[in-house]
Amino acid sequence: MKELEMQISGRNGTVKAIEIGAVNAEVETAAGVEMTAMITKASAENLGLSVGKEAYAVVKTSGVMVAID
């Protein structure tokens with residue numbers, strides 16, 4: 001079977017912090033900009049996430065809100 005390599009236009013970063021809960025995991029990544037994501041505990045385990053590991057933050061959204069005071 002041919003091995004696939006993911007290609008993406010974003011920059012890679014590293015996992016700065018990870019907090020595993022009973023169901024979810026909070027993962028903080030940094031690649032110039034820090035981002036925090038809530039993912040399932042199973043996903044964090046399947047990805048083998050740990051502090052210092054290289055990771056990508058991929059954002060998927062159907063809408064962005066802009067607000068002012």
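Two residues are in contact when they have heavy atoms within 4.5 Å of each other. Keep that in mind as we walk through this predicted model. Among contacts between residues at least 6 apart in sequence, 35% join residues at least 24 apart.

Let's start with the overall layout. The protein has 1 helix and 4 strands, and along the sequence they follow the pattern β-β-β-α-β. The radius of gyration is 14 Å, well over the 11 Å that the globule rule gives for 69 residues, so the protein is more spread out than a compact globule. Its C-alpha trace spans about 50 × 30 × 25 Å along the principal axes.

Now for the inside. Just 12% of the 69 residues count as buried. In soluble globular proteins, nonpolar side chains tend to be buried together. Here, the largest nonpolar core has 6 residues: Val-15, Ala-25, Val-27, Ala-44, Leu-49 and Ala-55. Try finding Val-27 in the picture: leaving aside neighbours within four places in sequence, Val-27 touches several residues, including Val-15, Ile-18, Met-35, Ile-39 and Leu-49.

What about charged residues? Side chains of opposite charge can pair when their charged atoms come close. The structure holds 1 salt bridge, and it joins the side chains of Glu-34 and Lys-16, at 3.1 Å from N to O. Glu-34 lies in strand β3 and Lys-16 in strand β1, so the pair ties together parts that are 18 residues apart in sequence. Glu-34 counts as partly exposed, at 49% relative accessibility, and Lys-16 also counts as partly exposed, at 42%.

Finally, look at the outside: the protein exposes about 6,100 Å², and carbon and sulfur atoms supply 53% of that area.

Technical notes: Residues are numbered from 1 along each chain as its sequence is written. This is a predicted model: local features need pLDDT of at least 70, side-chain atom pairs count only at pLDDT 80 or more; totals for chains, interfaces and linings use all residues. Side-chain values use heavy atoms; hydrogens and water are left out. A salt bridge is a side-chain nitrogen of Lys or Arg within 4 Å of a carboxyl oxygen of Asp or Glu. Helices (H or I, at least four residues) and strands (E, at least two) are DSSP runs, numbered from the N terminus. Buried means under 20% relative accessible area, exposed over 50%, partly exposed in between (1.4 Å probe, protein chains only). A nonpolar core is a set of buried Ala, Val, Leu, Ile, Met, Phe, Trp, Tyr and Cys residues joined through side-chain atoms within 4.5 Å. The radius of gyration is taken over C-alpha atoms; the globule rule is 2.2 Å times the number of residues to the power 0.38. Accessible areas come from the Shrake-Rupley method with a 1.4 Å probe; for residues, only the protein chains shown count as cover.
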